[in-house]
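Let's take a walk through this structure together, one part at a time. Have the sequence and the 3D view open as you read.

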Amino acid sequence: MFRILPLPILATCALLLTLACGGATAPVDSETREGVVQEPTTDLRQRFAGAWSLARIERRGADGELLAEPIEDRLGYIMYDDSGHMGVTIMLPERKPYSEGGPTADEALSLMGTYTSYFGPFSIDEDEGHVVHHLKGSLDPRGAGSDYRRFFTFGENTLTLQPPAREDGSKTFLTWERLPDLPESKLTDTHRKLFGIYRIESVTRRTTSGESVPVEQYEEAYIIYAPSGHMSVHLMRPGRALYAGDRPTAEEALMATRTYASYFGPFSVNEDEGYVVHHRVGSENPAGTGVDAQRFYELTDTHLTLKPPVQSDKQGRQVQTALRWARISD
């Protein structure tokens, strides 16, 4: 049976869906936000660059009045790279894990809207005072190929993003706090070489005896390692179907969940044994939240290969998967 969510969670799910989809169809607000820093675009791009943690979400009326208590318990990162690419994740806390062997269609539908993830290039319009996220991929299948406009304001250590106003004039404001870069004393050579953003190039799988095993490919995917010591990954399969209506059916929610993966958190490096650990504080799959992901790495100036530990497949073979990523640069 479909699990009925409490009203506060339903309201928040609707808000997250609005944040994920609002830029795709809402008209662009023509106003310029007060306090927008007017600098050359290259300087602005560098000011965006880095990892930001979600501090609060506010909704205000056309007159600026706060319409509800600010939401301050959402977990999320937005990461901008000075190559001109970005990724965002926002998650509701305490999401219930799927049942064994899940998700079922009803479970997928019940959690739809409790996790937001999208990624792609970004551009800055200084005159209008907004940043545009050009989506390559999104957990919501309707997002890929869309442009999401966000008016921006920088504070001393904050970035506030505002999607276009609704028809009634109300606006949503997301305030992000910059995550400070790791101190030099904490950096290894691998850290310095790893920082940046990568696009998926290929996925391969082999048995421990060297036999090649067929494996499904990703259409688009980014992995981001920020100088703050935080990371996020966004993985999208090809051939994803759009929802038939404004909201997904249970089966549509299940297909969207099965064809997209994402998680985020701090990362650490073990140079001696050649692996990184992704400390997942959030995951599209609720079971992944709080679980570390070990990845053996091969790193050059242009490519990164990540290999999870050897696992048994459905045929009982010992196999290892390798994801090869190409560095994105200007």
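**Strands, spaces and contacts**

Strand 1, residues 50-60, runs antiparallel to strand 9, and eight bridges join the two. Keep in mind as you look that this is a predicted model. To find one spot along this pairing, look for S53, whose bridge partner in strand 9 is E177. Strand 9 also pairs with strand 8, residues 158-162; these two run antiparallel as well and are joined by four bridges. Here E177 turns up again, as the strand 9 bridge partner of T158. So how much of strand 9 is covered? Six of its eight residues are buried, which makes the strand mostly covered.

Strand 9 leads us to the enclosed spaces. How many cavities of 30 Å³ or more does a search of the whole structure find? The search finds three, and the largest cavity has a volume of about 100 Å³. Twelve residues line this largest cavity, and the closest to its centre are I90, Y118, R150, L174 and W176. Strand 3 (85-91), strand 4 (115-125) and strand 9 (171-178) are the elements that give two or more residues to its lining. By class, the lining of the largest cavity has nine nonpolar residues, two polar ones and one charged one.

Y118, one of the residues closest to the centre of the largest cavity, also takes part in a ring contact. The ring centres of Y118 and Y148 are 5.1 Å apart with their planes at 85°, so this pair counts as edge-to-face. The pair links distant parts of the chain, since Y118 lies in strand 4 and Y148 in strand 7, 30 residues apart. Are these two residues buried or exposed? Y118 and Y148 are both buried.

The structure holds 16 aromatic pairs. Another of them joins W52 and F154 in a tilted arrangement, with 6.2 Å from centre to centre and 45° between the planes. This contact also links distant parts of the chain: W52 sits in strand 1, F154 sits in strand 7 (residues 147-154), and 102 residues separate them. W52 and F154 are both buried. They also belong to a wider group, a cluster in which ring pairs link F48, W52, Y80, F122, F152 and F154.

Now let's turn to the open spaces. The largest pocket holds about 1,400 Å³ of space. Its lining is made of 42 residues, and those nearest its centre are R205, Y218, R237, A261 and R295. Several elements give two or more residues to this lining, including strand 10 (196-207), helix 5 (250-258), strand 13 (260-270) and strand 19 (318-327). Which element gives the most? Strand 19 does, with five residues. Sorted by class, the lining of the largest pocket has 18 nonpolar, 14 polar and ten charged residues.

Strands 10 and 19 meet again in another kind of contact. Side chains of opposite charge can pair when their charged atoms come close. In this structure the count comes to eleven salt bridges. One of them is formed by R324 and E201, with the closest N and O atoms 2.8 Å apart. Because R324 lies in strand 19 and E201 in strand 10, the pair ties together parts that are 123 residues apart in sequence. R324 is partly exposed, at 33% relative accessible area, and E201 is also partly exposed, at 42%.

Other salt bridges are worth finding in the view. K307 and E298 meet in one, at 3.3 Å from N to O. K307 counts as partly exposed at 24% relative accessibility, and E298 is partly exposed with a relative accessible area of 46%. D73 pairs with R74, the closest N and O atoms being 2.1 Å apart. Here D73 is partly exposed at 45% relative accessibility, whereas R74 is buried, with a relative accessible area of 11%. Finally, look for R56, E58 and R60, which are linked in a network of salt bridges.

Note on methods:
Residues numbered from 1 in each chain as written. Predicted model: local features only at pLDDT ≥ 70, side-chain atom pairs only at ≥ 80, totals over all residues. Heavy atoms only, no water. 1 Å grid on protein atoms, 1.4 Å probe; cavity = no way out; pocket = protein on both sides within 12 Å on 5 of 7 lines; lining within 4 Å. Points joined across faces, edges and corners; volume = space filled by probe spheres on them. Nonpolar A, V, L, I, M, F, W, Y, C, P; charged D, E, K, R; others polar. Salt bridge = Lys/Arg side-chain N within 4 Å of Asp/Glu carboxyl O. Buried < 20%, exposed > 50% of the residue type's maximum accessible area, 1.4 Å probe, protein only. Pairing = 2+ DSSP bridges. Phe/Tyr/Trp six-rings, centres within 6.5 Å; stacked < 30°, edge-to-face > 60°.
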